[in-house]
Every structure is written in structure tokens, then in C-alpha cells.
Amino acid sequence: MQPVPPSVRNWLIVVAAMIFFMIVIGALTRLTESGLSMVEWRPVTGWLPPLSDTAWQAELQKYLSSPQGRLVNHSFTVGEFKEIFWLEYIHRVWGRLIGVVFALPLAWFWWRGALNAHLKPRLLALLVAGGLQGALGWAMVASGLVDRPAVSHYRLAAHLLLAITLYAYTVWLILELGPQAARQDDAKTRRKATALIGFLFVVLTWGAFMAGLRAGAAHNTFPTMSGHWIPPGLFDLSPWWINLFENGTTIQFIHRWLAKLLVLGVLVMAWRAPRPETMMAAMMAFLQLGLGIATILTGVSIGIATAHQAGAVLLLTALIIVRHRAMPSLQRPV
């Protein structure tokens, strides 16, 4: 397989870092209720914010005609509106910057012949998925501009999971292009890491449901939920199965226990295969559990909840490294 220059790997490291910070900015946008402040989607012409008092007043009036503006923040002044507008604006512009930072170097490397046949289709897939992520982000926002001042928690979950998938695949390509000396063929650890990565995505899904439904505020005690190991109201909705996806108490209950099982699984893997990367994953799992507990106990503090979302991505990174290093050594460099 034709090797690629180190600059390709360095470029992907920058892209992965930008996606990571995008996920953090997204958490802040959601937690501060800023995501519905921009009621139009202009992917090409929306780079500039309002530049005059008249433009700000016009933007505010558009917002006040939306469900959140009418029902929640109907008394907002321009100054108050700016506080939520700027975070959503940064979120959107950062997403466009990621697209530029990915697409332009991709075209340059392609034209210069720096990409091998293994990388080209994978990078094209990332480019297409990144464009779909932007469209999905608007579909999520649009769901909160119809009749209620909240986005669909299903679309929020899809938006978050696609962002994390883009990040994870970029990290995998970075590892494939990096030093391979640390690889040790270990099929058992490889299977465990694969299963834990899949299970982490399940935990992330119910975490996103919690965020979308603000279920983190339903019970702010630990280890019990308001004094109950099995809280009342788990199956208040009908049919019963809808509680798994739309009942805040049930979603928090599921997320808590799935998270504990995930931490246990990571600890078992580290115990059975005590290597630096598995120990790193175990420590990150403990830290992430602590951040989750702190999020609950503080009534979903914005700073701690944002760190909790970032911690999930870092735990995923650690598990991806474990998975990669448990693969057979390559005969030739990528």
C-alpha cells in the first residue's frame, strides 16, 4: 500500500480536534437554550452576523415570532437576545469552518497525488457525511420552530451520534496512518473493545434522550433516584414501551444503569488485559462516571454537563485506541 506523507495525518488530527470542540460547543449551545435563536438556515450566505442595530432588531423580531420567542422569551431585549444568539452563531460557523478545513486540503492532497487508494473513498465518505451532518443539524433546529419551544430529542440524538461517529472514524484513520509498533494481536481484547464501543453508543443515545427531554433534572440524587432504587412512574405512559424513549424518569433510570454496566465492562477488560491503553480507558471510565454523578447532583450544571459530554468522547477515543492496538501488526506502513 502506497504510504502517505505525514502532512495528511497532521491535517486529520486538526480536523478531529475541531470536531471534538464542535461537540463541546454543541453541548454548551443545548444547555444554554441557545440552539433556537437563529430561525433561518443559510449555509452559503449565513457567515456574517447582524452588523447594525436595524439588522439586530430584525433578527430579534424573527426570533420572537418563533415558539421559543413567543412562549418563553417574549420579553427579550436585543442585549438578552445577543447572549443566546452568539453561541448558536459560533456553533454554525465552526461547523462551516470544519467543512472548509476538510474539503480544501482534501482537494489539494488529491490533486498532488498524496492520497492512496485506501484513503480516497474513506475521506470522500467523511466529506459526504459531514454535509449530511449540517443538514441534520438544521432538521433538528427546525423541529423546534413549529409549535413547541424544544427540538425533537430523537433528532438531537441523531445529530450528536453522527458528530461522534465522524470524530471516531477520523480518529481511526489517524491511528491507521500513525506508528504501528504498539500493535499486539489480541483477539479477545479486540472483541471486548469492539463490544464496549458499540455499548458506549447505546449509552450515548440515552444520554442524548436525557438532554433533549431535560431528564437530568428529574431526579438529582445518587445512588438512588429521589430515595428510590426503582423510582415510581417508570411506566406512566401508554403504551408501556414508549416510556423507554419519552419518559424522563425511565430514560434517566436506563442511562444510569447502562453507564454503570459500561464502566464495569471497561474495568473487566483492563483487569484481563493490563496494558497502558486499557488502563487509560479504565481511568477515563471512572472520570466519566464521576462527571455523570456530578451532573445529576448539581442539577445539570452547565460546566459539568458539558465536561460530561466531552468525557464521553474521550472515553470513546480511549476505547478506539485499545481496539486499534489489539490488531495484528501491519506488514507494510499505511
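**Packing of helix 10 and salt bridges in the predicted model**

The buried residues of helix 10 pack against three helices, namely helix 7 (187–213), helix 9 (248–272) and helix 11 (302–325). These results refer to a predicted model. Helix 10 itself comprises 22 residues, 276–297. From its first C-alpha to its last, helix 10 reaches 32 Å, close to the 32 Å expected at 1.5 Å a residue. The buried positions in the N-terminal part of the list for helix 10 include Glu-277, Thr-278, Ala-281, Ala-282, Met-284 and Ala-285. Also buried in helix 10 are Gln-288, Leu-291, Gly-292, Ile-293, Thr-295 and Ile-296. Helix 10 is followed by Gly-299, for which phi is positive, near 70°.

The pairing of helix 10 with helix 9 was examined further. The axes of the two helices, 9 and 10, come within 8 Å and cross at roughly 160°. Because this angle is over 145 degrees, helix 9 is roughly antiparallel to helix 10. The crossing in which helix 9 passes helix 10 is left-handed. On the side of helix 9, the contact is made by Gln-252, Arg-256, Val-263, Val-266, Leu-267, Met-269 and Ala-270. Helix 10 contributes Thr-278, Met-279, Ala-281, Ala-282, Ala-285, Phe-286, Leu-289 and Ile-296 to this contact. Among these, Thr-278, Ala-281, Ala-282, Ala-285 and Ile-296 are listed as buried in helix 10.

A search of the whole structure finds 9 salt bridges. One of them joins the side chains of Arg-214 and Glu-33, with an N to O distance of 2.9 Å. Arg-214 lies in the loop between helix 7 and helix 8 (243–246), and Glu-33 in the loop between helix 1 (6–31) and helix 2 (53–64), so the pair ties together parts that are 181 residues apart in sequence. Both partners are partly exposed: the relative accessible area is 43% for Arg-214 and 32% for Glu-33.

A salt bridge is also formed within helix 4 (residues 78–112), where Glu-88 and Arg-92 are 4 residues apart and therefore separated by about one helical turn. The side chains of Glu-88 and Arg-92 meet at 2.8 Å, N to O. Both Glu-88 and Arg-92 are buried. In a further salt bridge, the side chain of Glu-277 meets that of Arg-275 at 3.2 Å, N to O. Glu-277 and Arg-275 are likewise both buried. Through salt bridges that share partners, Asp-186, Arg-275, Glu-277 and Arg-325 are joined into one network.

Contacts between residues remote in sequence were examined at two further positions. Gln-309 is located in helix 11. The relative accessible area of Gln-309 is 14%, which is under 20%, so this residue is buried. Residues up to four places away in sequence being set aside, Gln-309 touches Ile-23, Ala-27, Arg-30 and Leu-160. Leu-136 occupies a place in helix 5 (residues 119–142). With a relative accessible area of 23%, Leu-136 is partly exposed. Beyond residues up to four places away in sequence, the contacts of Leu-136 are with Ala-158, His-159 and Leu-162. Leu-136 and His-159 are 23 residues apart in sequence, and their C-alpha atoms are 6.1 Å apart in space.

Notes
Residues numbered from 1 in each chain as written. Predicted model: local features only at pLDDT ≥ 70, side-chain atom pairs only at ≥ 80, totals over all residues. Heavy atoms only, no water. Buried < 20%, exposed > 50% of the residue type's maximum accessible area, 1.4 Å probe, protein only. Contact = heavy atoms within 4.5 Å. Expected span 1.5 Å × (residues − 1). Salt bridge = Lys/Arg side-chain N within 4 Å of Asp/Glu carboxyl O. Axes fitted to C-alpha atoms, helices over the stretch in contact; angles between N-to-C directions. Parallel < 35°, antiparallel > 145°, perpendicular 65-115°, else oblique. Left-handed = near helix turned anticlockwise from the far one by under 90°.
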